[in-house]
Amino acid sequence: MEQHFIPLSVPNFAGNERKYVNDAVVSEWVSTGGSLVPKFEQAIADYVHMPAAVACTSGTAGLHLALLAAGVGPGDEVLAPTLTFIAAVNPIRYVGAQPVFIGCGDSLCMCPTLVEEYLQAHAELRDGQCRNKATGAHIKALVVVHVFGNMASMEGIMDIAQKWNLVVVEDATEALGTCYTEGRYAGKFAGTIGDIGVYSFNGNKLITTGSGGMVVSNHPDWLAHAKHLSTQAKSDELNYKHDEVGYNYRMTNLQAALGLAQLEQIEDFIRHKIDTYNFYYEQLHGKHNYGIQPFRPGTRSNHWFYSLYVYDTHPMKRDEIIAALKAQGIQTRPIWGLIQDQADYPKNEAYGTDLARHYWERIVNIPCSTNLTRADAQRVVDVLLSL
Ligand SMILES: *Cc1c(COP(=O)(O)O)cnc(C)c1O
């Protein structure tokens with residue numbers, strides 16, 4: 001019997017999505033005006049315990065706005081992860097700055113020890129500014145990604161940022177709902193600890209608006225500036241006055257309608273992600289040359305994506321495993337190729353990236369949709385154990 005296809009990660013519209021989107025269409029407020037965008041902004045802000053948030057067209061746009069609001073510009077350098085989706089890095093180039101790539105730790109997130117090592121060896125503080133000793137450039141900011149919903153080591157990152165006077169941009173696009181439960185940042189959500197943070201509502205993220213993003217910040221003036229830039233920097237509604245070069249990055253009312261319906265279900269989605277993760281962990285961790293990567297202790301992770309680690313003792317290579325699963329109708333994928341190997345980024349500096357390459361060669365992301373049934377998760381396990 002032909003078995004049905006099991007996708008890696010698909011949206012789940014089991015709630016009020018149709019109703020709210022339909023209401024928006026009936027109201028004829030479908031574009032960037034309308035009441036639902038501010039409502040969705042406030043709902044996300046409340047969820048992550050921040051006073052306000054600014055909605056935009058994508059996580060990528062949000063990261064662009066975040067760097068602009070932080071004043072990162074031409075000639076600056078920005079420390080960035082190499083093990084990430086490229087959208088965490090490209091906005092650095094949009095503002096005319098250059099990334100310096102830093103490797104990860106076992107959390108798959110940027111490793112604070114490597115950041116400190118890099119800065120000790122290659123940077124100096126001059127008039128309170130962190131300078132790259134080789135290029136002379138101002139290392140102005142650091143972009144940290146909470147990979148697969150796993151909280152980066154924010155204690156370490158924030159200590160370094162303070163010492164070296166770096167702006168911290170949190171790419172929390174994969175980590176909405178992830179928060180510390182213990183320690184210095186207990187109760188704090190990913191995205192709200194650094195200077196400015198960004199969420200994504202792309203179709204494969206925990207909740208989706210089709211495409212969309214959200215910016216939060218501990219600097220109210222930066223957030224206001226991000227909003228201004230997202231709306232063509234229009235300073236006079238009636239007379240179309242624009243006081244700087246802005247962007248058409250504002251979220252639409254239709255997207256916000258979808259987002260509000262999705263946000264109502266976020267805790268159910270996370271519960272489902274955790275249940276499936278625990279099932280995979282019990283069935284696969286330490287079995288048949290597999291490991292399941294953990295999430296950081298002392299946090300409640302949203303468990304967005306699961307990382308199956310394939311030991312070198314496994315009879316099959318990573319790509320053979322992916323192909324064998326595909327032949328059984330199961331979609332998986334390798335982790336992203338290192339950004340230092342992409343586009344024209346090989347020309348940029350990269351430090352301490354061996355472990356990132358190690359994980360890239362050995363990790364497979366396995367099905368994690370919030371509507372994945374236990375029977376389907378069992379099928380994934382059965383096929384993996386048969387290889
Ligand atoms: C999804 C994602 C983004 C970009 O979000 P979009 O909404 O797709 O533009 C940025 N960084 C990381 C790490 C992501 O996973």
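In the predicted model, tyrosine 280 is in contact, beyond its neighbours within four places in sequence, with His285, Ile292, Tyr306, Ile366, Pro367, Leu372, Ala377, Val380 and Val381. Tyr280 is also among the residues with the most contacts inside the largest nonpolar core, together with Leu79, Leu119, Met154 and Leu384. This core comprises 102 residues. Its largest share, 7 residues, is supplied by helix H9 (residues 266-284). Domain 1 (17-263) and domain 2 (266-386) each contribute at least three residues to this core. A second core, separate from the largest one, contains 31 residues, including Val72, Val143, Leu223 and Tyr345. In soluble globular proteins, nonpolar side chains tend to be buried together.

Helix H8 (residues 253-263) is largely enclosed by the rest of the structure, because 10 of its 11 residues are buried. The buried positions are Asn253, Gln255, Ala256, Ala257, Leu258, Gly259, Leu260, Ala261, Gln262 and Leu263. The elements covering these residues include helix H1 (17-27), helix H2 (36-47) and H9.

Helix H6 spans residues 154-164. Met154, named above for its contacts within the largest core, is buried in this helix, as are Gly156, Ile157, Met158, Ile160, Ala161 and Trp164. The buried residues of H6 pack against one helix element, H5 (112-122), and against strands E4 (123-126), E5 (129-132), E6 (139-145), E7 (167-171) and E8 (179-180). Just after H6, asparagine 165 adopts a positive phi of about 60°.

The loop between E6 and H6 holds histidine 146. With a relative accessible area of 0%, His146 falls under the 20% limit and is therefore buried. Outside its neighbours within four places in sequence, histidine 146 is in contact with Cys109, Met151, Ala152, Met154, Glu170, Asp171, Ala172, Glu174, Ala175, Ala190 and Gly191. Contact with Met154 thus links His146 to a residue of H6. A separation of 11 Å is found between the C-alpha atoms of histidine 146 and valine 198, which lie 52 residues apart along the chain.

The largest pocket has a volume of about 270 Å³. Its lining consists of 14 residues, and Thr32, Thr231, Lys234, Glu237 and Arg250 are those nearest the pocket centre. By residue class, the lining of this pocket divides into 8 polar, 3 nonpolar and 3 charged residues.

Methods: Residues numbered from 1 in each chain as written. Predicted model: local features only at pLDDT ≥ 70, side-chain atom pairs only at ≥ 80, totals over all residues. Heavy atoms only, no water. 1 Å grid on protein atoms, 1.4 Å probe; cavity = no way out; pocket = protein on both sides within 12 Å on 5 of 7 lines; lining within 4 Å. Points joined across faces, edges and corners; volume = space filled by probe spheres on them. Nonpolar A, V, L, I, M, F, W, Y, C, P; charged D, E, K, R; others polar. Core = buried A, V, L, I, M, F, W, Y, C linked by side-chain atoms within 4.5 Å. Buried < 20%, exposed > 50% of the residue type's maximum accessible area, 1.4 Å probe, protein only. Helix = DSSP H or I, 4+ residues; strand = E, 2+ residues; numbered from the N terminus. Domains from an automatic or database assignment. Contact = heavy atoms within 4.5 Å.
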